[in-house]
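Colleague: I should like to go through this structure with you and ask, for each description, what justifies the wording. Please set the values against the criteria as you answer.

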Amino acid sequence: MVNKTAQDRPAGNRYLAALEYGDFQTLWTANFFAGAAAWALIVARGWIVYEFSDSSLLWVGVVTFAAMIPRVLVSPFTGYLSDRFDRRTVLRAMFAINLVHNLVLGLLMLSGSAEIWHIVILSLVNGSARAAQMPAGQALIPNLVPRSLLLNAIALNQATMHGSRLLGPLAIIPLQATTGATGAIFLCAGFYAVSLIQTIRLRTASTGSIDKRQSFARNFAAGAVYVYKTPILFSIVIMAIFHCGLVMSFESLLPGLSTKLLTTEGESTGGFLLFLTQLLNESGAGFSILMMAVGAGALTSSMILAGISSDITKGRLFFAFGAASGVSSLLLGVSPNLLTALPSAIFLGFSSAAFMTLTHTMIQTIVPDGVRGRVGAIYSVHIGGMMASLNLINGLLADFVGAPLILMVTGLIFALIVVVSWQFVTMRLIYRGGVARYAQALAG
């Protein structure tokens, strides 16, 4: 691999610099289509359950919980696998499992025999494969590009994860209006097939460092000890936990929020606009549109961050985007109709994706390759458990107090947490100067 640096490249190429490396480009494409499948599936599956359960957000929360809780239950094993075996093999296996999962779900829908319990069980399968895929993919990235392009590569990878919220829901809107959720599920299977083919094309081998004389528990514990005993890393993980629980656990709220917004919109209009809002509401397209708006904002911020190299700037943006993501959730909650909700959803995607992109970059900058898979698994356990639990709780509470109030309260709480975190020395050092010097000290 040619070791070009960001300084060697024309300024116009710095936003896409990591894509000049063939294997990263291949992984990027695989992750993009997998992300599109995942977000489209969240929308399609959520709307199926919303209709099957007579508009209960609790059941949407249960299915979302089932899809996310494997990040707690499965990640300890998959993090170990990502350091024990070739990370390419792990990725290929997980994409194959999700391809089969979508085909099974699609056939159940096509035959008319799908029930909520089927969807809950299949959500567990889908979530388990995703829980294995993410640490392996994240641990592979630093092996595909030089360290000088790590933020660029992670930002571009985050663009696939967050920005695919735009492509996935957009791709299924015509299918929702014509073939219903069944066509959307089969399209997701096609997306996963592309991801599988791309990972088969990867050439760069990547494994961690496992002490084969030690048990699985002791090897995994090494990753946990590294997280908990490295103050700068532990602080970043804690902030990510709060962010994922309070700002990013909105999936179970969006079906109810879109219904409320479109109902309000329809009541204030007539004629064609009334017909259009009713069509969007009945097909679940309003849910897709909100998710697309979040994805558009996420894609924009990820691409902007791809061009930033200053560690001091990263630290300052970490604070700014953290506070902004809380405010954006509050603004979405107070939006009176779909027209005003869309800018708020874009702002939510923009700020929350930027915060998480910087979070992943800082973690990958600090952590050595030998424990990267296990540290990624520990991180996934924490944020996955928080998002799964809060989606379930939010779905339960929303049936009583409404989705808008939950978005307002949780957004305000996280914005206050970010402001208060400035009082802690470790976080203040991160906000003022980033983490590069800590990474150098740990490496030395």
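Modeller: The model is a predicted one. Alanine 296 is found in helix 13, which spans residues 285-305.

Colleague: Why is alanine 296 called partly exposed?

Modeller: The relative accessible area of alanine 296 is 22%. Buried would require a value under 20% and exposed a value over 50%, so alanine 296 counts as partly exposed. In space, the C-alpha atom of alanine 296 is separated by 9.2 Å from that of phenylalanine 347, and the two residues are 51 apart along the chain.

Colleague: What makes histidine 360 a buried residue?

Modeller: Histidine 360 has a relative accessible area of 9%. The limit for buried is under 20%, and histidine 360 is therefore buried. The residue sits in helix 15 (residues 338-366). Not counting residues up to four places away in sequence, histidine 360 touches Gln138, Ile154, Gln158 and Tyr379.

Colleague: How do you know that aspartate 23 and arginine 203 form a salt bridge?

Modeller: The closest N and O atoms of aspartate 23 and arginine 203 are 3.6 Å apart. The criterion is a Lys or Arg side-chain nitrogen within 4 Å of a carboxyl oxygen of Asp or Glu, so the pair qualifies as a salt bridge.

Colleague: Why is this pair said to tie together separate parts of the chain?

Modeller: Aspartate 23 belongs to helix 1 (residues 22-52), whereas arginine 203 is in the loop between helix 8 (181-200) and helix 9 (216-229). The parts joined in this way are therefore 180 residues apart in sequence.

Colleague: Are the two partners of that bridge buried or exposed?

Modeller: Aspartate 23, at 7% relative accessibility, counts as buried. Arginine 203, at 65%, counts as exposed, because the threshold for exposed is over 50%.

Colleague: How many salt bridges does the structure hold, and what are the other pairs?

Modeller: The structure holds three salt bridges. Aspartate 86 pairs with arginine 88, with their closest N and O atoms 2.6 Å apart, and both of these residues are buried. Aspartate 311 pairs with lysine 314, and here the corresponding separation is 3.8 Å. Both aspartate 311 and lysine 314 are buried.

Colleague: Why are aspartate 311 and lysine 314 described as about one helical turn apart?

Modeller: They are three residues apart in helix 14 (residues 311-334), so about one helical turn separates them.

Colleague: What makes helix 2 and helix 6 roughly parallel?

Modeller: Helix 2 (residues 57-68) and helix 6 (residues 116-140) pack at an angle of about 30 degrees, and their axes are 6 Å apart. Angles under 35 degrees count as roughly parallel, so helix 2 is roughly parallel to helix 6. On the helix 2 side, Trp59, Val62, Val63, Ala66 and Ala67 take part; they meet Ile116, Ile119, Val120, Ser123, Leu124 and Gly127 in helix 6.

Colleague: Which residues does arginine 45 contact, and what makes arginine 45 buried?

Modeller: Arginine 45, in helix 1, is in contact with Val63, Ala67, Ile119, Ser123 and Asn126, leaving aside neighbours within four places in sequence. The C-alpha atoms of arginine 45 and serine 123 are 8.8 Å apart, while the residues are 78 apart in sequence. Arginine 45 counts as buried because its relative accessibility is 5%.

Colleague: Why is helix 10 called roughly perpendicular to helix 18?

Modeller: The axes of helix 10 (residues 231-246) and helix 18 (residues 425-433) come within 10 Å and cross at roughly 85 degrees. The range for roughly perpendicular is 65 to 115 degrees, so the description applies to helix 10 and helix 18. Pro231, Ile232, Ser235, Ile236 and Met239 of helix 10 make the contact with Thr426, Met427, Ile430 and Tyr431 of helix 18.

Colleague: What makes isoleucine 413 eligible for the nonpolar surface patch?

Modeller: Isoleucine 413 lies in helix 17 and counts as partly exposed at 38% relative accessibility. A patch residue needs over 30% relative accessible area, so isoleucine 413 meets that requirement. The patch covers about 770 Å², and its members include Leu58, Ile393, Phe400 and Ile413. Helix 16 gives the most to the patch, with five residues.

Definitions and conventions. Residues are numbered from 1 along each chain as its sequence is written. This is a predicted model: local features need pLDDT of at least 70, side-chain atom pairs count only at pLDDT 80 or more; totals for chains, interfaces and linings use all residues. Side-chain values use heavy atoms; hydrogens and water are left out. Patches are made of residues with over 30% relative accessible area and no salt bridge: like charges are joined within 9 Å, nonpolar side chains (Val, Leu, Ile, Met, Phe, Trp, Tyr) within 5 Å. Accessible areas come from the Shrake-Rupley method with a 1.4 Å probe; for residues, only the protein chains shown count as cover. Helices (H or I, at least four residues) and strands (E, at least two) are DSSP runs, numbered from the N terminus. Buried means under 20% relative accessible area, exposed over 50%, partly exposed in between (1.4 Å probe, protein chains only). Axes are lines fitted to C-alpha atoms, for helices over the stretch in contact, and angles run from 0 to 180 degrees between N-to-C directions. Angles under 35 degrees count as roughly parallel, over 145 as roughly antiparallel, 65 to 115 as roughly perpendicular and the rest as oblique. Contact means heavy atoms within 4.5 Å.
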